[in-house]
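Here is a short report for a first look at this structure. Take a moment to view the sequence and the model before reading on.

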Amino acid sequence: MSLPFFSADDVTSAVSMQEAIDAMEVAFSSVNNNTAELPLRITMPIADHDAHHLSMPAYIHGGKYLTIKLINVHTKNPSMGYDLINGVIVIMDAKTGSATALIDGKSVTSLRTGAASGYATKILANNDAAHAVVFGNGVQAKTQIEAIQIVRDIKSIKVIGRDSKKVEQFCDIFDDTVSLGTINDLKNADIVCTATTSQVPLFEFNDISNGAHVNAVGAHGPNKREVPTELIQKSKVFVDSLSSSYKEAGNILIPIENGDYNWDNVQCEIGELINVKTNGRSKESDITFFNSVGTAVQDLVISNIVMEKNIGAT
């Protein structure tokens, strides 16, 4: 059996960031209204290589395809010149169960992660949000920037990373609104995105101003966190999936384990805002926080577009 393979370039040419952001509304809504079949992802440690493998199946009722994403995350890869994340998405016909195609998993992951933050920013950030800070200078950080630039009229984006030279090189791929930043830039930030592999908070709560919106996408494990406990306590907290967050959202789990927070304080899944047509922000001074561990249904809706643009066009 020979299956068509859609590369990263195929994904990029088939799905614009705007289309990906629009698709997140379908994904988040389906998680919340239970029309998505979304088992908890299987995580397999590869300890001798400081890595782990993830298997993530998904299906939306009535859909043409079901997918399973197979992803490997090797922490040491970037220092050796390799990609942090590698993987593939297997596309299967929902009616017959037969394998239909393969799609590059890394590109879909980065696109849908950026799009998730873009959608959260669209519905949670203040309308006049114009200044952003992004932590990280990898593939995930790139799509964070691309997404927030689409949903808000951004005047400046400051990027913070461990290696200033690498950050400057990263910023060079964008226009001059994107530049090297410092922690002090957080005070002026209307939007903050964290896209790192950090296991400790990247900043203090007092660094954040009232009215800010924060997207945290890097910490997807019970022992990883990018933001301080006080931010969780004093923000309106939204998640992509409660069932996944109960297992993997270290930003929330660590404060809970320390007795400093409770799941009852989480506002809701972001899909609930869509399904009940309500606002997540009640006033401009609210600090809103979107914690994303990522769900396979996000990969599914992006994969659907890739298939429609390629298979559907033939």
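What follows covers one asparagine and then the aromatic pairs. Keep in mind that this is a predicted model.

**The asparagine**

N251 sits in helix α8, which spans residues 250-257. Is N251 buried or exposed? N251 counts as buried because its relative accessibility is 0%, and the cut-off for buried is under 20%. Its side chain reaches two backbone nitrogens: that of E226 at 2.7 Å and that of V227 at 3.3 Å. E226 and V227 also appear among the residues that N251 touches, leaving aside those up to four places away in sequence. The others on that list are A216, A219, K224, R225, I232, F289 and N291.

**The aromatic pairs**

How many aromatic pairs does the structure hold? There are 5. Two of them are set out here.

| Pair | Centre to centre | Angle between planes | Type |
|---|---|---|---|
| F28 and Y119 | 6.1 Å | 50° | tilted |
| F170 and F174 | 5.4 Å | 65° | edge-to-face |

F28 belongs to helix α2 (residues 17-32) and Y119 to helix α3 (residues 105-124), so their pair ties together parts that are 91 residues apart in sequence. F28 is buried, at 0% relative accessible area. Y119 is buried too, at 4%. F28 and Y119 also join F290 in one aromatic cluster.

Now the other pair in the table. Why is the pair of F170 and F174 edge-to-face? The planes of the two rings stand at 65°, and over 60 degrees counts as edge-to-face. Both F170 and F174 are buried.

Notes: Residues numbered from 1 in each chain as written. Predicted model: local features only at pLDDT ≥ 70, side-chain atom pairs only at ≥ 80, totals over all residues. Heavy atoms only, no water. Helix = DSSP H or I, 4+ residues; strand = E, 2+ residues; numbered from the N terminus. Buried < 20%, exposed > 50% of the residue type's maximum accessible area, 1.4 Å probe, protein only. Polar contact = N/O pair within 3.5 Å; in protein donor to acceptor, adjacent residues only side chain to side chain. Contact = heavy atoms within 4.5 Å. Phe/Tyr/Trp six-rings, centres within 6.5 Å; stacked < 30°, edge-to-face > 60°.
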